[in-house]
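This report looks at local geometry in one protein chain, with the criteria behind each term given where the term comes up. Please read it alongside the sequence and the coordinates.

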Amino acid sequence: MNITIIGTGYVGLVTGACLADLGNHVFCLDVDQAKIELLQQGGIPIYEPGLQEIIERNVDAGRLTFSTDIAASVAHASVQFIAVGTPPDEDGSADLQYVLAAARNIGRYMTDDKVVVDKSTVPVGTADKVAAAINEELATRAATPTFSVVSNPEFLKEGAAVEDFTRPDRIVLGVSSDEKGQSALATLRQLYAPFNRNHERTRVMDVKSAEFTKYAANAMLATRISFMNELANLAEKVGADIELVRQGIGSDPRIGYSFLYAGTGYGGSCFPKDVQALARTAREHGQTLRVLEAVEAVNIDQKHVLVNKVFAKYGHNLVGKTFAVWGLAFKPNTNDMRDAPSRVIISALLRAGARIHAHDPVAEEEARRVLALDLADAPALLQNLQFANKPMQAVQGADALIIATEWKAYRSPNWTALKAAMKTPVIFDGRNLYEPHAMQESGMDYVAIGRGTHA
Ligand SMILES: NC(=O)c1ccc[n+]([C@@H]2O[C@H](COP(=O)([O-])OP(=O)(O)OC[C@H]3O[C@@H](n4cnc5c(N)ncnc54)[C@H](O)[C@@H]3O)[C@@H](O)[C@H]2O)c1
């Protein structure tokens with residue numbers, strides 16, 4: 001099948017590469033000239049395990065191309081995926097300008113019938129707006145081709161995106177009940193057939209329910225995280241260990257173990273903005289999503305929990321103190337720094353006068369870029385921020401080590417070397433990577449999240 005992917009970011013690039021790998025001819029469009037040039041030269045703008053090999057294989061086979069040519073992208077395929085960003089607007093609602101610009105481009109250039117697939121995370125009712133934008137463009141040139149808009153939200157996780165895309169838990173297809181909608185469904189069933197060999201993963205529903213499903217999924221996951229973070233803070237006060245509590249409740253199959261880790265709050269490109277957008281949609285309909293508003297408020301506070309622990313130990317003036325920070329990306333196996341807790345932590349400590357020696361296996365470049373933006377009002381502070389090539393280099397001479405992201409490389413450090421390298425053996429662990437008892441025995445001053453009996 002010929003496929004066009006509009007927007008070659010985390011979702012678009014993974015979708016395009018994986019669909020090409022199944023034998024489809026995929027045209028990836030982006031308006032970012034630099035990104036397309038990098039891809040055309042064999043580079044890859046994001047870090048995602050396994051992705052580079054798939055891209056190389058399919059570019060070599062002539063099944064995957066990258067371009068900024070909008071007319072060519074529309075002409076290439078009857079199936080047009082929209083996978084552009086939907087960042088939060090100032091009021092928390094999803095900013096649809098990129099989705100609607102993509103839709104207008106399709107309307108402007110299409111000369112044959114199309115299936116337009118919304119893969120971006122978009123609020124309920126967006127498919128209608130996409131259809132209206134295409135229709136407006138068709139009307140300006142009295143063109144007659146028809147189209148159907150399908151909602152096909154993406155559930156991949158950064159860091160495991162290829163695995164998630166190729167082995168999805170479910171494929172949600174929201175289609176209209178008319179003939180065009182049913183014909184679009186048949187086309188997409190064919191496209192996704194290779195993923196359904198083992199068992200049927202497709203969930204077919206109406207368009208609005210499909211749009212809603214994506215937000216409901218992210219809202220549920222964010223709720224679990226904020227729930228555990230709030231309980232972790234209480235656990236510290238009452239002297240309980242949230243890790244033991246997690247295992248105690250996770251063993252209940254109605255609860256399960258996933259997404260119950262206490263930490264420094266959720267970040268990334270999806271949870272913060274999707275929680276906000278769903279709450280905003282509710283308010284537009286005269287309803288307050290009280291649970292979700294609390295989920296967000298707890299998360300905002302949680303990003304400061306580690307900083308407050310540092311202040312509690314050293315006071316608010318950190319001049320003369322050096323902190324090593326392990327992990328910058330919002331989670332392991334990605335270089336994505338969007339809403340990463342490390343940004344809040346590093347900015348706060350730099351503003352309090354500290355020096356930071358940071359390490360991340362892949363996110364250094366992106367971290368340099370976003371921290372410069374975060375500290376745009378105080379650029380001189382960036383002089384106190386240094387990056388290390390190795391975790392052990394970062395801790396050299398540090399007063400304390402802060403763990404912000406649970407990369408595998410940080411799980412079992414050489415404790416003797418670590419203690420020898422640090423000025424004082426203090427760890428603020430925002431990801432509860434280590435056992436408090438073992439830390440105590442090895443002479444570490446160990447502060448974790450919600451581990452009241454030991455911290
Ligand atoms: N990142 C994730 O893990 C993830 C997971 C599931 C769903 N989503 C959703 O998928 C969508 C895309 O997310 P992302 O993380 O891939 O975003 P991204 O910012 O990485 O990529 C979006 C790309 O779209 C391009 N673009 C913008 N306007 C365009 C246009 N008119 N024509 C062509 N290209 C255009 C941008 O230049 C950018 O490269 C969002 O709605 C997001 O919520 C993301």
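Helices (H or I, at least four residues) and strands (E, at least two) are DSSP runs that are numbered from the N terminus. By that numbering, glycine 50 falls in the loop between α2 and α3 (51-60). The model is a predicted one, in which local features need pLDDT of at least 70 and side-chain atom pairs count only at pLDDT 80 or more, while totals for chains, interfaces and linings use all residues. Residues are numbered from 1 along each chain as its sequence is written, and side-chain values use heavy atoms, with hydrogens and water left out.

**The α2 region**

Exposure is described in three classes: buried means under 20% relative accessible area, exposed means over 50%, and partly exposed lies in between (1.4 Å probe, protein chains only). Glycine 50, with a relative accessible area of 37%, is therefore partly exposed, and its C-alpha lies 9.7 Å from that of glycine 159, although the two are 109 residues apart in sequence. Leucine 38, within helix α2, is likewise counted as partly exposed because its relative accessibility is 34%. The C-alpha atoms of leucine 38 and phenylalanine 66 are separated by 9.6 Å, with their positions 28 residues apart along the chain. At the start of helix α2 (residues 33-40), a side-chain oxygen of aspartate 32 comes to within 3.1 Å of the backbone nitrogen of alanine 34. Just after α2, glycine 42 adopts a positive phi of about 95°.

**Positive phi outside glycine**

Which residues other than glycine have a positive phi near 50° or near 55°? The table sets out alanine 142 and aspartate 339, for which phi is near these values.

| Residue | Phi | Loop | Relative accessibility |
|---|---|---|---|
| Alanine 142 | near 50° | between α6 and β6 (147-151) | 64%, exposed |
| Aspartate 339 | near 55° | between β9 (322-326) and α14 (341-351) | 39%, partly exposed |

**Buried polar side chains**

A polar contact is a pair of N or O atoms within 3.5 Å; within protein, one must be able to donate a hydrogen and the other to accept it, and residues adjacent in sequence count only if both atoms are side-chain atoms. Aspartate 241, placed in the loop between α9 and α10 (242-250), is counted as buried because its relative accessibility is 5%. Its side chain is joined to that of arginine 451 by a polar contact of 3.0 Å. Threonine 405, located in the loop between β12 (400-403) and α17 (415-421), has 0% relative accessibility and so counts as buried. The side chain of threonine 405 reaches the backbone oxygen of alanine 329 at 2.7 Å.

**Aromatic rings**

Rings of Phe, Tyr and Trp (its six-membered ring) pair if their centres lie within 6.5 Å; planes under 30 degrees apart count as stacked, over 60 as edge-to-face and the rest as tilted. Over the whole structure, nine aromatic pairs are found. In one of them, tyrosine 266 and phenylalanine 271, the ring centres are 5.9 Å apart and the planes stand at 75°, so the pair is edge-to-face. Tyrosine 266 and phenylalanine 271 are both buried. The rings of tyrosine 314 and phenylalanine 323 are also edge-to-face, because their planes stand at 75°, with the centres 5.6 Å apart. Phenylalanine 323 counts as buried because its relative accessibility is 0%. Phe165, Tyr192 and Phe195 form one aromatic cluster.

A charge sits over a ring if NZ of Lys or CZ of Arg is within 6 Å of the ring centre and within 35 degrees of the ring normal. Arginine 170 lies over the face of phenylalanine 155, at 3.6 Å from the ring centre, and the charged end of lysine 313 sits over the ring of tyrosine 314, 6.0 Å from its centre.

**The second largest pocket**

On a 1 Å grid over the protein atoms alone, a pocket is an open set of points where a 1.4 Å probe fits, with protein on both sides within 12 Å along at least five of seven lines; lining residues have an atom within 4 Å of a point. Grid points are joined across faces, edges and corners, and a volume is the space filled by probe spheres set on the points. The second largest pocket holds about 360 Å³ of space. Its lining has 20 residues, and Pro123, Val124, Thr281, Glu284 and His285 are those that lie nearest the centre. Helices α6 (126-140), α9 (207-238) and α11 (271-284) each supply at least two residues of this lining, and the largest share, six residues, comes from α11.
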